[in-house]
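User: Hi! I would like to go through the labels used for this structure and see what stands behind each one.

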Amino acid sequence: MEDSNGNLWFGTDNGISFYDGHLFRTINEYDGLYGTQVLKIYEDRHNNIWAGTDEGLNKIVFVNSYDSVNIKTYSYLDGLSYHLIFDIYEDRYERLWLAFYGGGINVLTFSDSTGLQVDKLFHGTIPSDIILCIEEDSEGDLWFGTGDEGVFKIEDFTDSSLGKIQTFNIHSGFPDNTVWDILLDNEGDLWFGTDKAGVVKYDQDQFRNYSIEQGFPDEQVLCLYQDLEGNIWTGTFSSGICRLMGEHFCHYTEEQGLTNCQIYDIDQDTDGNYWLASHGRGLIKLSFINGKPFSRSYTVNNGLPDNYINSIYITADNKIWLATKENGIARFEGGRFINYNEDSHLANNYVNCIMVDSRGQVWSGTKEGISLLNGKGFFTINEDNYELPHNEVQTIIEDKTGNIWVGTLAGLAKFTFEDNAMTTFDEKEGLYYKEIYALAEDTQGNIWIGTNGGGLFKYETGSQKEQPIKLIADNTILRSTNIVSLVFQNDSVLIVGTNIGFDKLVLDKQGEIISAKNYYKSSGFIGMENNLNSIFKDNKGNIWFGTVKGVTCYKPELEKINTKPPINHLTELNLLFKKVDWAEYTDSLYSWTLLPRSLRLPHSENHLTFKWTGISLSNPENVRYKYKLDPVDKDWSPSRQLPEQTYSGISPGDYSFMVMSENENGIWSEKPFVFNFTIKPPFYQTWWFISIMIVLAFFGIFVYIKYREKQLIREKRILEQKVDERTAEIQKQKTEIEDQKDVIEQKNIDITDSIRYAKRIQDAILPSLKVIKDNLKDSFVLYLPKDIVSGDFYWMKEKNESLVIVAADCTGHGVPGAFMSMLGISFLNEIVEKDNITSPEKILNTLRENIVTALRQRGLETESKDGMDMAICSYNKKLKHLSFAGANNPLYLIRNKELLSTRGNRMPVAIHIKMDEFTKHNIPIETGDSLYIFSDGFADQFGGPEGKKFKSEKFKQLLVDIQDENMITQKDILNRTITEWRGEHEQLDDIVVLGFKV
């Protein structure tokens with residue numbers, strides 16, 4: 001106990017220990033204490049100290065400023081009913097109430113005229129004789145904890161009347177018959193420490209129990225205490241000291257009836273039931289009856305296709321959709337499960353997330369893209385058909401306008417139903433971390449993006465900025481940047497779930513962060529690691545989290561905000577990183593810490609390390625500090641958690657080290673803690689020493705000036721001689737550099753002439769446009785090398801009534817690409833002309849063999865991967881039949897303004913991990929058909945107003961749009977279009993496009 005003078009009193013089995021801030025002293029039987037085992041120490045309103053022991057009552061009075069002690073004792077000889085006193089309390093009539101273990105209650109009235117009067121209350125008048133504790137409530141009624149009859153209160157008592165007694169035990173709804181301690185908290189509520197039921201709270205005329213079933217660690221609570229911040233502390237029998245974390249967190253695990261603690265998603269039906277997606281025990285239905293949880297599991301034994309569920313979505317008509325780990329998706333309706341998997345054309349059986357949009361369509365995010373289930377069946381959206389950023393989808397949401405947002409492992413995508421289009425977002429839009437785990441929409445329609453490792457981003461709807469996505473919070477605000485879930489608590493509060501707890505961000509009207517609060521294990525969030533998108537806001541505004549340790553419900557309206565700032569103390573002061581006995585430096589020390597009150601250090605001992613603490617019992621791990629050393633630091637340091645700072649080489653002078661701290665709710669100390677000290681100057685910084693040094697300095701300067709005058713005259717003569725020598729040397733070097741420049745310029749001319757000559761050779765081996773026109777009347781070749789020579793080429797040869805047409809893209813461009821193109825043309829001449837091979841797939845197979853042999857490719861990691869992509873057509877004009885084969889490059893056929901694409905094999909004409917035979921495609925030809933083969937240079941060219949690629953979809957549309965023109969005009973349109981698109985951008989690659997009409 002701490003008395004009104006700040007002294008500390010400790011009751012032990014061997015008397016009382018008393019500490020006045022300087023010294024400890026012991027009070028025991030040698031001082032007249034009656035009894036050795038001290039069970040209670042109490043200070044009344046007149047500052048008298050009373051001690052209840054195993055032998056009776058003691059009144060302790062110090063004489064001559066604590067030099068000696070006078071003790072007045074009371075026992076059964078003075079009228080007390082028993083000797084073992086467990087508690088003492090003074091009522092408003094200045095009477096002492098004594099709680100006896102086995103002797104009921106004694107009420108002591110002290111009077112100068114009549115002496116001591118003892119009124120005794122025994123079993124019969126009160127419920128029990130075993131009284132363990134006493135507490136007065138906010139109404140002035142007295143509560144008593146018993147050892148065998150629960151708790152009872154005496155209300156409306158006076159100094160002459162006992163009043164009314166009301167008992168609460170297991171027969172009347174109180175959970176235990178033994179109450180060890182009672183506490184009245186700052187809000188007027190009563191707390192009871194019981195023997196077998198944990199902690200019981202009494203508020204609004206009802207008892208609420210917190211025991212092992214509710215997550216409290218122990219059944220037996222021996223004592224209760226409330227600190228200055230309002231925290232309730234308990235002393236337990238086997239779990240040590242525990243702090244009640246408040247009522248804003250409820251945890252449900254296997255101990256509360258759940259069949260599994262790995263909860264991957266949560267949703268609520270219209271009847272108020274919660275449905276939990278577990279990993280290993282199927283679907284769990286969680287209901288509450290009179291506040292108690294009841295759960296039921298649905299597993300494969302009930303028809304569920306998979307016990308491992310990744311995601312859950314409940315529609316307005318209570319249809320439950322489930323995404324499973326290995327068996328696709330399922331719908332739970334009418335007591336039975338309906339399964340959809342790859343056999344039903346689902347993209348993949350591993351489904352990460354599921355969502356039903358406002359149109360009734362079911363979106364499933366799988367490892368192989370999105371499966372959209374509508375009235376016609378499943379439709380797949382992936383990297384190939386819609387250019388989805390990545391096939392593994394982590395989250396899908398629908399915004400208020402009906403657009404669908406998709407988070408993948410490589411970026412963000414938005415589907416717009418009005419124009420049936422998809423927009424992707426990456427670094428160009430400001431999304432620098434593309435592994436997206438969670439999405440949420442705010443009231444302004446902005447999309448908040450949770451990334452893995454990159455923190456929190458926001459897409460501003462309607463923004464005209466080049467980068468509409470910006471970083472909102474990183475590890476300077478969030479406890480972790482690995483964000484796995486997002487949900488808005490209300491319009492201005494965003495809950496961010498991470499792998500080590502969650503963060504609550506308070507936002508202003510512009511969506512900027514006003515404050516942030518972290519919740520983790522020490523804050524009461526015992527689940528810690530949240531699972532992917534396992535978060536839900538229920539119909540009461542509570543936030544549910546699925547974690548690796550069960551499910552946690554966060555009730556914001558029950559959270560108590562600690563408004564008291566931490567109390568700052570300097571705990572340690574080290575000199576040169578070592579602890580020292582500061583008594584050697586000063587005569588005045590602080591009694592608790594033994595740190596110096598007035599510190600003056602010599603100039604050589606100027607390396608100090610300050611260590612401090614800010615006491616905030618609500619959440620000590622989340623206390624942050626700022627400090628400064630005045631006058632060294634002009635501003636306060638940035639806020640941080642480390643309570644330590646070292647200053648080395650402190651100059652002589654007077655200093656003040658100051659510390660301020662903030663609690664978990666951002667409440668800062670009103671005034672800083674200040675520690676003053678002085679560093680004394682060395683002798684050479686005194687005024688007399690400095691004066692002598694100034695005189696000596698002036699004399700030295702005079703002598704030095706005279707000496708330097710002589711030196712400068714001599715150095716001037718030497719310098720003039722060196723200047724003449726260096727001038728001649730520089731003139732010689734200039735002549736040599738000019739000669740070398742002429743040689744380099746001549747070599748550049750020679751190299752350029754050689755490349756231009758190589759172009760003549762390359763142009764000579766390419767088929768002439770006249771040959772192409774003779775065979776294909778209505779045709780064109782758009783050939784745009786990036787450099788003087790090209791790595792792209794076109795080729796044509798008529799053989800055995802078949803016209804073989806080729807468009808190829810070799811590895812690289814410029815001179816290396818040109819060598820590959822000449823090698824390819826040479827092999828094509830040999831394969832078609834000499835070997836009489838005109839079937840396109842055989843040409844590709846033979847060409848690949850020749851290139852692998854010629855380049856000595858064996859598939860080693862260290863060797864080059866040179867080769868070429870190619871599209872080959874073999875056209876029989878007489879039969880009007882065309883066959884096609886491709887190595888990575890397709891064939892486009894346009895008929896009646898509809899473009900039909902025939903894809904080639906996904907492997908190059910070179911050594912490759914995949915070396916299958918090339919596929920031959922037989923394509924029937926009709927009069928008026930337009931056919932195109934090409935390299936990727938056209939579609940990959942950067943340009944336009946945003947500097948993006950032209951892309952294949954735009955290239956296809958351009959070909960369809962110009963079908964009414966002849967081939968010569970089409971070539972001009974294509975050339976003009978790509979030139980205008982490129983603008984000021986450099987040409988990225990060689991371009992070849994060959995088109996003809998039959």
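User: What kind of contact joins the side chains of Arg95 and Asp91, and at what distance?

Analyst: Happy to help! It is a polar contact of 2.8 Å. The term covers a pair of N or O atoms within 3.5 Å; within protein, one must be able to donate a hydrogen and the other to accept it, and residues adjacent in sequence count only if both atoms are side-chain atoms. The 2.8 Å between Arg95 and Asp91 therefore fits within the 3.5 Å limit. A word on the basis: this is a predicted model, where local features need pLDDT of at least 70, side-chain atom pairs count only at pLDDT 80 or more, and totals for chains, interfaces and linings use all residues. Residues are numbered from 1 along each chain as its sequence is written, and side-chain values use heavy atoms, with hydrogens and water left out.

User: Which backbone oxygen does the side chain of Arg95 reach?

Analyst: That of Thr158, at 3.3 Å.

User: Why is Arg95 called buried?

Analyst: Buried means under 20% relative accessible area, exposed over 50%, and partly exposed in between (1.4 Å probe, protein chains only). Arg95 has 7%, so the label buried applies. Arg95 is found in the loop between β8 (85–90) and β9 (96–100); strands (E, at least two residues) and helices (H or I, at least four) are DSSP runs, numbered from the N terminus.

User: Which residues does Arg95 touch beyond four places away in sequence?

Analyst: Contact means heavy atoms within 4.5 Å, and the residues touched by Arg95 include Tyr89, Val107, Phe157 and Asp159. Asp159 is 64 residues from Arg95 along the chain, yet their C-alpha atoms are separated by 8.5 Å.

User: What makes Thr552 buried?

Analyst: Thr552, in strand β50 (residues 550–554), has 2% relative accessibility, so Thr552 counts as buried under the 20% cut-off. The side chain of Thr552 also joins that of His251 in a polar contact of 2.9 Å. Among the other residues that Thr552 touches are Phe249, Phe525 and Trp544.

User: How do you know that β44 and β45 pair?

Analyst: Two strands pair if DSSP finds at least two bridges between them. β44 and β45 (residues 493–498) have six bridges, in the antiparallel sense, so the pairing criterion is met. One bridge partner is Ile495 in β45, opposite Val487.

User: What is the strand order in the open sheet of four strands, and why are β44 and β47 at its edges?

Analyst: The order is β44-β45-β46-β47, with antiparallel pairing. β44 (483–490) and β47 (513–519) each have a single partner strand, so one side of each is left without a neighbour in the sheet.
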